[in-house]
Amino acid sequence: MEEHSLCPTGTPAGNKASFRETSLAAQESHVPSSEVLEAIEDVIQGVIQSLAQNKAPVLTVANRTDWRNIEFKDSVGLQMIPGCTTKQIRSDCPQSARRFALMLKILSMIYKMVQSNTYATKRDIYYSDTLLFGSQSVVDQIINDISCMLKIPRRSLHVLSTTKGFVAGNLSYTEEDGTKVNCSCSATAVTVPSNVQGIKNLTSHAKFVLIVEKDATFQRLLDDDFFSKVSPCIMITGRGIPDLNTRLLVRKLWDSFQIPIFTLMDADPHGVEIMCVYKYGSVSMSFEAHQLTVPSVKWLGLLPSDLERLNISKDALIPFTKQDENKLASIKKRPYIACQPLWKKELEIMAASKLKAEIQVLTTVSADYLSRVYLPNKLQFGGWL
């Protein structure tokens, strides 16, 4: 474990680099409406030209889920490589003709929203014609494909994500419509805004940000008034795998305040994967890495080595499933683990024991051990990786 104290870390290098060809650079987080309309018109123009030449129209999209199209940079995380492999959505192929039509349908909806300066969530789009789209996941995948194909962030396409995350603590800001939000005012958390890009006048005296994996743990810390007892901080939870808005907010907090960001996850492969999404991003959203990843994120807990150090009874731990073993094996092969030897050591402890633990296991030590002892000691003595 590193010997260090709680102090701000440096800005991730390279986050101002231009990456327009394959990614969405930070300084281009908002694309003017005129450019969005022009990009969609270019796609439709290509379809019309193919028809005029008696050719079957084709849409070309990047293979977003192929690890061969991904490179790892310590300063950015997982990002899509230039000249990545692509796949064709053909209008004359039975396997892809329906998807081709759905892409044009959603492009049409986006065009109208940008023209009229209105917004819709992915859920709104799905419920506009559930029979046509079939499932929410189809809509989600097509919107991400369109965003990647056009090289335009989803927010600039006027498509908003449904928010499930919460934020609380020493933070206030103004929403796009002028509503002032104070996250320290009440005993209940504030829902992460649906348009993170539109919030402004962010103010905080927080010393750090704490990302909490689970809602139950987040609520317990909220009940214990953790964010004001130890030192001023901001707490945020994506309630499991984080949605886009929660990830955008974590990145915005980092850009705005340059304070340490810590994660509190279950000591299991699923918790590690969620932490990696915040820190390094995901393969499917690698084309937006510059706006979604925070490579300075630190692993505060629950560390597999903590379980032995705190003499947690093995009876309180949960045996690995085959799915856990496969997930852990997959994580250990990922490119970013090679540059995290201390993480690798913790993963090896987990793999050797074949046991996992939820954060709630700390209640076996004492009811308020997490907020009264575990977190304060970790933050004071530098118990993070």
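How many residues lie between β2 and β3 in their hairpin? I began my entries on this predicted model with that point.

**Entry 1: the hairpin**

I found that β2 and β3 form a hairpin with 3 residues between them. I looked up the pairing of strand β2 (residues 70–73) with strand β3 (residues 77–80) and recorded the antiparallel sense, over 4 bridges. Within this pairing, I noted that Glu71 stands opposite Gln79 in β3.

**Entry 2: the open sheet**

I next turned to an open sheet of 6 strands with mixed pairing. I read its strand order as β10-β7-β13-β12-β14-β15. I then asked which strands are at the edges. They are β10 (190–191) and β15 (298–301), each of which pairs on one side only.

I looked at one edge in detail. There β14 and β15 pair in the parallel sense, and I recorded 3 bridges for them. I noted Gly301 in β15 as the bridge partner of Leu264.

I went on to the helices that accompany these strands. I found that α14 packs on the sheet and touches β12, β14 and β15. The direction of α14 makes about 145° with that of β15. I also recorded helix α8 (residues 244–257), which lies across β7 (166–169), β12 (208–212), β13 (233–237) and β14. Helix α8 runs at about 160° to β13.

**Entry 3: the end of β15**

I followed the chain from Gly301 to Leu302 and found that a cis peptide bond joins them. I noted an omega of about -10° for this bond. I placed Leu302 in the loop between β15 and α11 (304–309).

**Entry 4: aromatic pairs**

I looked up the aromatic pairs and recorded a count of 6. One of them is formed by Phe262 and Trp384, with 4.7 Å centre to centre and 50° between the planes, and I entered this pair as tilted. I noted that the pair links distant parts of the chain, 122 residues apart. Phe262 belongs to strand β14 (residues 261–264), whereas Trp384 is in the segment after α14 (369–381).

Are these two residues buried or exposed? I found Phe262 buried, because its relative accessible area is 0%. Trp384 is also buried, with a relative accessible area of 4%.

I then examined Tyr280 and Tyr336. Their ring centres are 4.4 Å apart and their planes are at 15°, so I entered the pair as stacked. The cut-off behind this step is that planes under 30 degrees apart count as stacked. This pair too links distant parts of the chain, its residues being 56 residues apart. I placed Tyr280 in helix α9 (residues 269–280) and Tyr336 in the loop between α12 (322–332) and α13 (341–353). Tyr280 counts as buried at 0% relative accessibility, and Tyr336 counts as buried at 1%. I noted further that Tyr280, Trp299, Tyr336 and Trp343 form one aromatic cluster.

**Entry 5: His158**

I located His158 in the loop between α5 (136–150) and β6 (159–160). What surrounds His158? Leaving aside residues up to four places away in sequence, I listed the residues it touches as Ser33, Met113, Val114, Asn117, Thr118, Tyr119 and Ala120. I recorded 2.8 Å between a polar atom of the His158 side chain and the backbone oxygen of Thr118. His158 counts as buried, because its relative accessibility is 3%.

**Entry 6: cysteines and Glu288**

I searched for disulfides and found 0 in the structure. I noted Cys148 as buried, with a relative accessible area of 6%. Cys183 is buried as well, at 1%.

I placed Glu288 in the loop between α9 and α10 (289–292). At 1% relative accessibility, Glu288 counts as buried. I recorded 9.5 Å between the C-alpha atoms of Glu288 and Arg154, which are 134 residues apart along the chain.

**Entry 7: positive phi values**

I looked up two residues other than glycine with a positive phi. For Asn201, phi is near 55°. I found Asn201 in strand β11 (residues 200–203), and it is exposed, because its relative accessible area is 54%. For Arg239, phi is near 55°. I placed Arg239 in the loop between β13 and α8. With a relative accessible area of 37%, Arg239 is partly exposed.

Terms used:
Residues numbered from 1 in each chain as written. Predicted model: local features only at pLDDT ≥ 70, side-chain atom pairs only at ≥ 80, totals over all residues. Heavy atoms only, no water. Phe/Tyr/Trp six-rings, centres within 6.5 Å; stacked < 30°, edge-to-face > 60°. Buried < 20%, exposed > 50% of the residue type's maximum accessible area, 1.4 Å probe, protein only. Polar contact = N/O pair within 3.5 Å; in protein donor to acceptor, adjacent residues only side chain to side chain. Contact = heavy atoms within 4.5 Å. Pairing = 2+ DSSP bridges. Disulfide = S-S within 2.5 Å. Axes fitted to C-alpha atoms, helices over the stretch in contact; angles between N-to-C directions.
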